[in-house]
Amino acid sequence: MAVPPMNPQPPSARLSFDGFELDEGDARLTRKGHPVPVSPRPFAVLCALARRPGHLVTKGDLLDTVWGHRFVTDSVLKTAVSDLRAVLEDDFKQPRYIETVSRRGYRFIAPVGSTGSNPVRRQAEHDASKSDDPTPAALAALCRVDAGLANLIQMVAATLARERLAAEH
């Protein structure tokens, strides 16, 4: 059984939170429709965190994702998060957007909403809805913010459908 290759690039974050709109594909952060200037590294950290709202993103993962396996110290990450907090007007003692998980990493804690349609999620929901089994459709609906998870559900649903078809013949 062949499994479709995973997309090596994470899906672009495109979401809204507390008056902000983040569009990773267009490298844009706006607040109430006005552009918010963010340097490239802090912007990349925000995108990496926003792709996994509510989940811990380790320091190592952030360093690999944003600095691409270069030898850098944790201080560059701390500086980027500090710059990002300044841009977002977030307080590390009482965070609204970025929570520090001591010695482990960071978590994006703002409630998020989707901004526009996501073709990966839309395709996953469409494929899952064609199945006789309602479980993939229900799971795809639960992961509206996480396109990577929706893509994984799509692949699992397609594999299960192929296996079911093969078993019938």
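**Exercise 1.** Are Phe-17 and Tyr-97 buried or exposed?

*Solution.* Set the ground rules: this is a predicted model, where local features need pLDDT of at least 70, side-chain atom pairs count only at pLDDT 80 or more, and totals for chains, interfaces and linings use all residues. Residues are numbered from 1 along each chain as its sequence is written, and side-chain values use heavy atoms, with hydrogens and water left out. Now apply the cut-offs: buried is under 20% relative accessible area, exposed is over 50%, and partly exposed is in between (1.4 Å probe, protein chains only). Both Phe-17 and Tyr-97 turn out buried.

**Exercise 2.** Work out how the rings of Phe-17 and Tyr-97 meet.

*Solution.* Start with the rule: rings of Phe, Tyr and Trp (its six-membered ring) pair if their centres lie within 6.5 Å, with planes under 30 degrees apart stacked, over 60 edge-to-face and the rest tilted. That gives four aromatic pairs. Phe-17 and Phe-20 are stacked, at 5.2 Å centre to centre and 25 degrees between the planes. Phe-17 and Tyr-97 sit edge-to-face, at 5.5 Å and 65 degrees. Finally, Phe-17, Phe-20, Tyr-97 and Phe-108 make up one aromatic cluster.

**Exercise 3.** Find the edges of the sheet with the order 5-7-6.

*Solution.* First, the terms: strands are DSSP runs (E, at least two residues), numbered from the N terminus, and two of them pair if DSSP finds at least two bridges between them. Here three strands form an open, antiparallel sheet. Strand 5 (56–58) and strand 6 each have a single partner strand, so these two are the edges. Strand 6 pairs with strand 7 (residues 105–108) over four bridges, and Glu-99 stands opposite Arg-107 in strand 7.
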